[in-house]
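Good morning. I have a few slides' worth of material on one structure, and I will go through it piece by piece. Please have the picture open while I talk.

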Amino acid sequence: MRGLGSVEIQREIMTYDVVVVGAGPAGLACAIRLKQRAPNKRVCVLEKGSQVGAHILSGCVMEPVPLDELLPDWRKTPPAICVPAAKDEFVLLTKTRRIRLPTPPQMHNHGNFIISLGSLCAWMAQQAEALGVEVFPGFPAAAPLIENGQVIGVRCGDMGLNKDGTPGQNFTAGVDIHAGVTVLAEGCRGSVSKLLIKEFKLDAKCSPQTYGIGFKELWQLPPDRAKPGHVQHSIGWPLDSRTYGGSFLYHLDQDRVYVGFVAGLDYENPEFKPFEAFQQFKHHPSVQPLLEGGEIVSAGTRALIEGGLQSLPKLEMPGALLVGDAAGTLNVPKIKGVHMALRSGMLAAEHLAERSTSEGFDARWRRSPSAKELHRVRNIRPGFHKGLWFGLLNAALETATLGNLPWTFKNHADWKSLDKLGEYPAEIENYVSRTLPPKDRLSSVFYAATSHDEHQPAHLKVPDTSICVGRCVTEYGNPCTRFCPAQVYEMVEENGRKRLQINAANCVHCKTCDIKDPYENILWTTPEGGSGPNYQNL
Amino acid sequence: MKILVGIKRVIDFSVRVQVKKDGSGVNTDGVKLSINPFDEIALEEALRIRERGTQTEIVAVSIGPADCQQQLRTALAMGADRAILVETGEVLQPLMVARVFHELVKREDADLVILGKQAIDDDFNQTGQMLAALWDRPQATFASKVELKDKTLTVTREVDAGLEVIAVDLPAVITTDLRLNTPRFVKMPDIMKARNKPLQTLKLEELGIAAAPKLEAKHYASPPQRMGGKKVADVPALIAALKERGVL
């Protein structure tokens, strides 16, 4: 029992051998593998999205090997979107030109598949359920349960709270899930993972974590434009050479194409608008003709984890472990995380099937081929901290030497990286005027089909709003109003005074604000279960 | 007493509906599907009747492909006692749906049928009325308040002129309006329990009913794009603009 306002809440308790937080590739691979190896274990998977796949977003060209190992028959009944990658192109964009570069060896995609991670996860959830895993979409893990220095499970979010946090008329208390081991598979910047990394000081011995913000749209094109299997990545315009990032264009079948853009959240320019950069890319003369006349089917945004091996926290704590991007296993130079997530989930499951404890998982993962894969590329992403040109040269050197150079570059926390207003060298923003949809961030949110019951408390917490109307105005000019892809944060004038307005209902759960706010003054928490975007084949 | 509740699987209200390229229908690929919101209200009302103390068996009924079991399981998790899926690959129109319910009412000897006033996909708003006619029993449509005493329902209806209160004798048909209640959230332990509740599947043909559409859908298209608005400086300019378009 715990007091909430003046009302005592009685919570039900459900007990499992293993509770997995997050129905992404890592979490589902873990659940599936565990049931394959230890069928008698009781396993459940919590998912905050209204259905599996609703909140997940990735490029995504997938290396199929780990999936072959996990579910050898997957090619017989493939998920809804699955197109073999056919041709790779790597290009440098200037405002008007497109220059072919040699494709870096990590970015060759022969044998890989362009997929929708959302539909892959929905498909994997069915496989998991067939093995007896209990998958609960619409139930977020709101907080960890810790007893005597040990994680004993998670508390699911309450439903039906009033705006002020008091129980409403159809209030339903979230249950407590107790489990021998809690597997955190929340993806990048998981809210429970974040609390536990701090609580157990899992990041004491590593570099700060670093992130990117990724946008993606699924387009239905006029006939005969899409070239199924064609993969293009670009660097350069519209980003300046000090900002890390690039675009992707993945051609699907049935006249569809994925178009997306990633910008490193270690960007320094306080005026930078990641959403606008993505939209500008779509208007590049080499891209616009492809999209013109087409329609957006679905659109979304998600932060991605880029710190690599040197930022990877310890993967275990008493009673719990971290897998996939909740830990940060993404391989940035490959621009791939799904195969790594699948592998870490499977390895965790194999560990738990044998030992039923989180102890020893960290060492086990660090001996695995995944750790070697990350070690080889560890210096490539940090090299771009010194700008695009140094980054490219460094990447070539690191690739040629197979990551065997004796040094390891450090990462820096993204929330510290912003320059103050006026400090960033003013470049003329030669952006074009846009014609392709969406015209602004609010119309983009519409394509994300995001919904939050407006009666619930705002799930984005800003503990000290005096910073927003004070220091932040003069120091950084309220960058939250620019980095948020869903226009959640607005500074509104009332009676000649500024006030921060949080439009929490627009939120697409990308977590950028939790990462990039220069005062660490924004806290992303889980809203009522089932709230948030409803991505379709992203 | 026994209550039948209709549970229709529809595209979720939050989804931006898109018409298929060839105009043959709307896109459901990768789209979230849910219980029709008015049907959720219908089920909630049945649950409340039971909770107010009337000994009641609640049967959730859906018509459609096997996938509708998902929505029926949700209904069972909310509190329905058992479920019936009438399986068909055809999209049934209101008269056919009413016939299916009529057949089930006879088989189940139901005292009350609560349906949503309409489904948010086709917006027909006909099934409840048609069922009452086939069954030859009273109907209380657009209900915003329901009270049961002995064998009589007192139902407040939302009508154009305001609220209308009528009394109907059981057996009867109720269709629900939005303000009737706020459906409860599904609890996790109840989802587990729902897995063991009975869910019966019948083929449409087993009921002696053949799908025979009375309407044929020729073509689907998106509504025309809204033209951008125009701002005028003052009232005289507004009047002039309206006159120019022949509105005034």
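The contact takes in 26 residues of chain A and 17 residues of chain B. Please keep in mind throughout that this is a predicted model.

Where on chain A do those residues come from? Four elements each give at least two residues to the side of chain A that touches chain B: α3 (117-130), β13 (159-161), β14 (167-172) and α13 (441-448). The largest share comes from β14(A), and that share is three residues. As for the chemistry, this side of chain A has twelve nonpolar residues, 13 polar ones and one charged residue.

Let me stay with α3(A), since α3(A) has a second partner, this time inside chain A. Helix α1 of chain A, residues 25-37, packs against α3(A) at an angle of about 20°, and the two axes are 10 Å apart. How should we describe an angle like that? Angles under 35 degrees count as roughly parallel, so α1(A) is roughly parallel to α3(A). The crossing of α1(A) past α3(A) is left-handed.

If you want to find this packing on your screen, look for these side chains. From α1(A), the contact is made by Pro25(A), Leu28(A), Ala31(A) and Ile32(A). From α3(A), the residues are Leu117(A), Leu120(A), Cys121(A), Met124(A), Ala125(A), Gln127(A) and Ala128(A). Sorted by class, the contact of α1(A) with α3(A) has ten nonpolar residues, one polar residue and no charged ones.

Next, a sheet in chain A. Three strands form an open, antiparallel sheet in the order β5-β9-β6. The edges are β5 (61-62) and β6 (82-84) of chain A, each of which pairs on one side only. Between β6(A) and β9(A), residues 113-115, there are three bridges in the antiparallel sense. For a landmark, take Val83(A), which stands opposite Ile114(A) in β9(A).

Now the domains of chain A. Domain 1 is made of three stretches, 12-72, 120-207 and 308-376, while domain 2 is 441-524. How far apart are the C-alpha centres of these domains? They lie 28 Å apart. The two domains do touch: nine residues of domain 1 are in contact with eight residues of domain 2. On the domain 1 side, two of the residues are nonpolar, five are polar and two are charged.

That leaves chain B. Here nine strands form an open sheet, in the order β9-β8-β7-β10-β6-β1-β4-β5-β11, with mixed pairing. The edge strands are β9 (162-169) and β11 (199-203) of chain B, each pairing on one side only. From one strand to the next, the twist averages 30°.

One parallel pair in chain B is β7, residues 139-149, with β10, residues 172-176, joined over three bridges. Within that pair, Ala143(B) has Thr176(B) of β10(B) as its bridge partner.

Which helices pack on this sheet? One of them is α1 of chain B, residues 37-51, which touches β1 (2-6), β4 (57-64), β6 (112-116), β7 and β10 of chain B. The direction of α1(B) makes about 145° with that of β6(B). Another is α4 of chain B, residues 127-135, touching β6, β7 and β10 of chain B. The direction of α4(B) makes about 65° with that of β7(B).

That is what I have for today. Thank you.

Note on methods. Residues are numbered from 1 along each chain as its sequence is written. Chains are lettered from A and ligands numbered from 1 in the order in which they are written. This is a predicted model: local features need pLDDT of at least 70, side-chain atom pairs count only at pLDDT 80 or more; totals for chains, interfaces and linings use all residues. Two residues are in contact if their C-beta atoms, placed from the backbone, lie within 7 Å. Ala, Val, Leu, Ile, Met, Phe, Trp, Tyr, Cys and Pro count as nonpolar, Asp, Glu, Lys and Arg as charged, and the others, Gly among them, as polar. Two strands pair if DSSP finds at least two bridges between them. Axes are lines fitted to C-alpha atoms, for helices over the stretch in contact, and angles run from 0 to 180 degrees between N-to-C directions. Angles under 35 degrees count as roughly parallel, over 145 as roughly antiparallel, 65 to 115 as roughly perpendicular and the rest as oblique. A crossing is left-handed if the near helix is turned anticlockwise from the far one by less than a right angle, and right-handed if clockwise. Domain bounds come from an automatic or database domain assignment.
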